Amino acid sequence: MSKIYLVDVTNRDGVQTAKLGLSKLEKTMINLFLDQMGIFQSEFGFPTTRHEANYLNANLELVEMGVIDSLRLEGWIRAIVADVELAFARIPKIKHLNLSISTSDQMINGKFQGRKNRQDIINDMTAAVDAAWAKGAESVGVNAEDASRTELDYLIEFGLAAKEHGATRIRYCDTLGYDNPFSIYDTTHAMAKEIGLPIELHCHGDLGMAVANSIAGAKGVIDGGQDAYINTTVNGIGERAGNADLVATILAITKSKGFGEKYTLGGEVDLSMAYKISKFASYAFGVPIPINQPGVGANAFAHESGIHADGVLKDPENYELYGFEELGRRQWEIVETGREICAGEYSGVSGFTYVMSKVAVGKTFESREEANRILELARYANVLSHKPLTEYELRFIADYPDIAKQLLTNVPLADED
Ligand SMILES: [Zn+2]
């Protein structure tokens with residue numbers, strides 16, 4: 001039976017969102033948490049963007065070191081040969097790519113303004129796929145941007161051309177959040193059957209249906225005999241109204257009525273990481289988790305009205321579909337409310353050593369030299385993130401100082417092109 005795999009795109013769609021961003025260290029933490037959670041793949045950034053290079057190369061090094069264990073790191077580029085070549089020039093060890101190109105007449109006419117027709121789109125895409133294989137890629141996904149506004153016959157023609165050139169998967173992008181669960185089911189079912197490749201669902205929330213469309217699309221793909229890959233972001237952060245929320249998508253697959261009996265996740269996903277990754281992303285993006293966010297919102301397990309409170313006290317299952325413990329939430333959280341020493345860009349070694357020795361970080365330095373070296377890295381990390389570093393980031397810097405240095409190094413206008 002075909003399965004559902006999760007491809008998290010927080011580090012691509014999430015960070016390209018207007019008014020929001022993550023530091024390279026924060027992006028790295030997201031990859032580490034996704035790995036610990038058992039997520040299949042992270043679209044970890046933009047290989048052709050100069051300021052991403054050190055971060056992308058450093059994260060591929062974390063894979064080589066075994067620090068990132070099973071998570072597949074994949075980069076997003078445009079489906080043109082020049083982008084493929086630049087990607088491999090900047091990120092020589094990149095193994096997995098998704099190549100993106102617009103397929104709808106609206107975008108072909110509205111964006112390319114007569115410079116390209118449908119056949120040109122297919123030619124660009126297949127040439128880019130060929131180039132990626134020639135450069136040594138291990139998997140090549142092809143993204144049909146604005147697929148939901150693309151005529152089905154052309155979408156299938158596009159998918160078959162990609163398949164002919166060895167593409168690993170086709171990403172069906174509901175770029176504008178235009179689909180509904182019924183329309184996406186029909187389309188992805190037909191695509192899976194006619195193209196005969198695994199299909200990725202990339203859904204947006206402009207009409208409030210990103211998660212519903214994702215699982216309906218996945219059902220369509222699996223009913224069509226192929227594996228389905230759902231694109232998610234942590235806390236649903238993404239362009240405009242956002243993407244399918246990672247935690248809500250896992251809950252919808254595993255907890256909704258009857259769905260999980262036939263349509264199941266591939267691999268082991270550890271839901272108990274949910275609260276941690278959501279809280280971290282909220283802090284890093286500077287975007288509060290909505291009070292009514294599924295699973296991780298402040299009200300997700302709160303009960304006040306008489307009948308509900310009485311009912312849940314007698315048996316939680318009266319008013320809760322799943323337990324808060326499953327998401328890694330605790331009944332109580334300890335918050336420091338008295339004296340607090342923070343690590344920042346102007347910290348000195350004494351305060352920093354104290355912060356690092358606290359239980360949450362748990363790092364004791366061997367020597368003053370080591371403390372000074374890690375402190376210098378923490379200062380630079382703070383310069384880039386503009387807010388106190390979390391215990392996870394502090395610990396990471398202390399454990400992998402060489403990688404941290406790479407992540408923190410960005411020199412504008414320094415070299416080629
Ligand atoms: Zn998107």
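1. Helix α12 supplies the largest share of the lining of the largest pocket, namely 6 residues. The structure is a predicted model, and the points below should be read as statements about that model.

2. The largest pocket has a volume of about 1300 Å³. Its lining comprises 29 residues, and those nearest the centre of the pocket are I334, A360, T390, E391 and Y392. Two elements, α12 (274-285) and α16 (391-399), give two or more residues to this lining.

3. As to the chemical character of the largest pocket, its lining divides into 17 nonpolar, 4 polar and 8 charged residues. Among the residues nearest the centre are E391 and Y392; the range of α16, 391-399, takes in both positions.

4. The second largest pocket holds about 450 Å³ of space. It is lined by 16 residues, with F301, F324, R329, R330 and Q331 lying nearest its centre. By class, this lining has 8 nonpolar, 3 polar and 5 charged residues.

5. Turning to helix packing, α4 (residues 81-90) and α6 (residues 118-134) pack at an angle of about 20 degrees, and their axes lie 8 Å apart. Angles under 35 degrees count as roughly parallel, and α4 is therefore roughly parallel to α6. The crossing in which α4 passes α6 is right-handed.

6. Which residues of α4 and α6 meet? On the α4 side they are V81, V84 and F88, and on the α6 side A127, A128, A131 and A132. The contact of α4 with α6 has 7 nonpolar residues, with no polar and no charged ones.

7. A second helix pair is formed by α2 (residues 24-37) and α3 (residues 53-64), which pack at an angle of about 30 degrees with axes 10 Å apart. The helices α2 and α3 are therefore roughly parallel to each other. Here too the crossing is described by its hand: α2 passes α3 in a right-handed crossing.

8. The contact between α2 and α3 is made by K24, K27, T28 and N31 of α2, together with Y55, N59 and L62 of α3. By class, the residues of this contact are 2 nonpolar, 3 polar and 2 charged.

9. For the two helix pairs taken side by side, the contact of α4 with α6 contains no polar and no charged residues, whereas that of α2 with α3 includes 3 polar and 2 charged residues. Both passages are right-handed, α4 past α6 and α2 past α3.

How values were computed. Residues numbered from 1 in each chain as written. Predicted model: local features only at pLDDT ≥ 70, side-chain atom pairs only at ≥ 80, totals over all residues. Heavy atoms only, no water. Axes fitted to C-alpha atoms, helices over the stretch in contact; angles between N-to-C directions. Helix = DSSP H or I, 4+ residues; strand = E, 2+ residues; numbered from the N terminus. Parallel < 35°, antiparallel > 145°, perpendicular 65-115°, else oblique. Left-handed = near helix turned anticlockwise from the far one by under 90°. Contact = heavy atoms within 4.5 Å. Nonpolar A, V, L, I, M, F, W, Y, C, P; charged D, E, K, R; others polar. 1 Å grid on protein atoms, 1.4 Å probe; cavity = no way out; pocket = protein on both sides within 12 Å on 5 of 7 lines; lining within 4 Å. Points joined across faces, edges and corners; volume = space filled by probe spheres on them.
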